[in-house]
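Here are a few friendly notes to read alongside the structure. Take them one at a time, and find each place in the 3D view as you go.

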Amino acid sequence: MNKALAVLFASAWLWGAAMAQGAASAPAATPAPAAANSPSTPQARPDASTEPGYAKQSNAERAQVQPGNNAPMWRQVGGGVTGYSSLPTPEAGNLVQPNVKVPGLRISSAGEVWRQVRNQWILPYGGALLLIILGAIGVFYWRTGTIALHGAPTGRKIERFTPFERAAHAANAMAFVILALSGVVMAFGKFFILPVIGTALFGWLSYALKTAHNFAGPVFAVSLAVVIVTFIKDNLPRSEDFTWLLRGGGLLSEHEVASHRFNAGEKLLFWAGMLGLGLIVVGSGLVMDKLLPGLLYERGTMQLAHVIHAVSTVLMLAMMLGHIYMGTIGMEGAYQGMKTGYVDETWAREHHELWYNDIKAGKIPAQRSAEAPPSQTVQV
Ligand code: HEM
């Protein structure tokens with residue numbers, strides 16, 4: 001970042017110098033002391049601003065009447081004009097991006113418009129969405145509590161997740177939690193952490209979390225791909241999913257609607273939240289990490305990638321909050337299933353009856369990995 005800024009300022013300086021000095025007819029903007037008394041050196045005329053056409057003067061013309069006054073050049077810089085730079089960096093000759101018009105926002109340089117989109121739209125609406133979801137989950141938990149088993153556990157175990165599936169899920173979940181926490185602090189931390197710990201500590205915290213975010217991103221990308229490939233087969237839509245959806249899964253009634261290994265709610269989350277949003281989140285993140293080869297990494301590219309990343313991660317986080325709730329305190333036995341790999345037959349029958357029936361009918365093995373099932377009854 002610092003290097004990029006240095007390059008930008010250096011190129012702007014070169015460009016400014018070129019404009020101030022390079023115009024064919026213009027003398028040096030700031031005459032060297034030795035030349036100060038030469039007959040060709042223009043004398044400063046403070047009253048030149050009263051002359052007609054003063055405001056429209058080029059930098060070279062201005063230097064004739066007011067040497068050292070580079071206002072025309074800086075006006076062009078502010079207006080997004082690209083000057084010459086010999087540096088190979090993209091946009092090296094452009095200090096301020098040209099103006100753009102985005103409906104609902106005032107016309108400004110693209111950089112300022114990006115700042116407004118972030119601060120006036122993404123943060124307030126994204127933050128509100130996350131708070132609403134958290135509130136809704138809180139109310140749901142308050143009214144419904146943990147969805148408990150109706151029947152008594154049998155003590156007979158079915159392998160729900162193999163060690164490989166659990167490892168892939170654990171890697172992905174851990175990376176996600178690091179990304180989510182660091183992302184939330186980077187986006188919203190200035191509202192709720194900075195006032196408590198102060199700017200110095202918050203600066204260090206954000207920097208540490210940003211670094212963690214950059215490392216966790218690729219781990220998330222790779223583990224997400226593994227998770228998707230691992231679970232895609234059992235997330236393919238089946239006719240019973242429509243019944244499940246039409247009846248809201250029966251989650252609020254006494255009995256859940258029968259489902260295969262994963263119910264339609266889980267499948268929706270899989271396709272929309274993990275595959276759809278996951279691809280967008282990872283893709284835009286890789287752009288911001290400058291890891292996609294062949295792409296021209298200009299400021300506009302970064303601004304667009306940031307907006308796409310921020311919107312899609314907020315949506316993904318909103319969906320994942322529901323998943324994490326159901327996978328922890330929302331449903332008895334779900335977390336144990338992921339942690340140990342095994343669920344009790346009662347759990348399987350009550351939550352995924354069609355899957356349970358297939359296992360009982362011998363169509364799906366109850367034990368898929370070589371690992372032995374837990375000998376003693378585990379908590380469901
Ligand atoms: C702290 C975070 C997380 C927790 C506590 C958690 C917990 C769980 C639990 C308990 C299950 C088993 C549900 C069942 O038996 O039906 C599960 C399944 C699953 N989780 Fe997570 N999870 C977390 C994060 C994630 C993330 C970040 C992803 C991917 C983006 C993910 C993808 C999956 C998938 C694909 C399944 C299989 C069910 C399905 O396909 O919908 N999980 N998770």
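1. Before you start, keep in mind that this is a predicted model. A good place to begin is the ligand: 25 residues surround the ligand, and the closest are Ala173, Phe176, Glu266, Gly327 and Met338.

2. Which helices supply at least two residues each to the shell around the ligand? They are H5 (163–192), H6 (194–231), H8 (264–288), H9 (299–330) and H10 (334–340). Sorted by class, this shell holds 15 nonpolar, eight polar and two charged residues.

3. Now follow H5 along its length. You will find a kink of about 55°, centred on Met186. The buried residues of H5 are Ala168, Asn172, Ala175, Phe176, Leu179, Ser182, Gly183 and Val185. Among what covers these buried residues are H6 and H9. Notice Phe176, which is buried in H5 and is also listed among the closest residues to the ligand.

4. Next, look at H9 together with H4 (residues 110–144). Their axes come within 11 Å and cross at roughly 5°. Because angles under 35 degrees count as roughly parallel, H4 is roughly parallel to H9. The contact of H4 with H9 is made up of 19 nonpolar, five polar and two charged residues.

5. Finally, is Ser284, in helix H8, buried or exposed? Ser284 counts as buried, because there are 20 C-beta neighbours inside 10 Å. Setting aside neighbours within four places in sequence, Ser284 is in contact with Ala305, Ile308, His309 and Ser312. Ile308 is 24 residues from Ser284 in sequence, yet their C-alpha atoms are 6.6 Å apart in space.

Conventions: Residues numbered from 1 in each chain as written. Predicted model: local features only at pLDDT ≥ 70, side-chain atom pairs only at ≥ 80, totals over all residues. Near = placed C-beta within 6 Å. Helix = DSSP H or I, 4+ residues; strand = E, 2+ residues; numbered from the N terminus. Nonpolar A, V, L, I, M, F, W, Y, C, P; charged D, E, K, R; others polar. Bend = angle between axes of the 7 residues up to and from the residue. Buried ≥ 20, exposed ≤ 12 C-beta atoms within 10 Å, placed from the backbone. Contact = placed C-beta atoms within 7 Å. Axes fitted to C-alpha atoms, helices over the stretch in contact; angles between N-to-C directions. Parallel < 35°, antiparallel > 145°, perpendicular 65-115°, else oblique.
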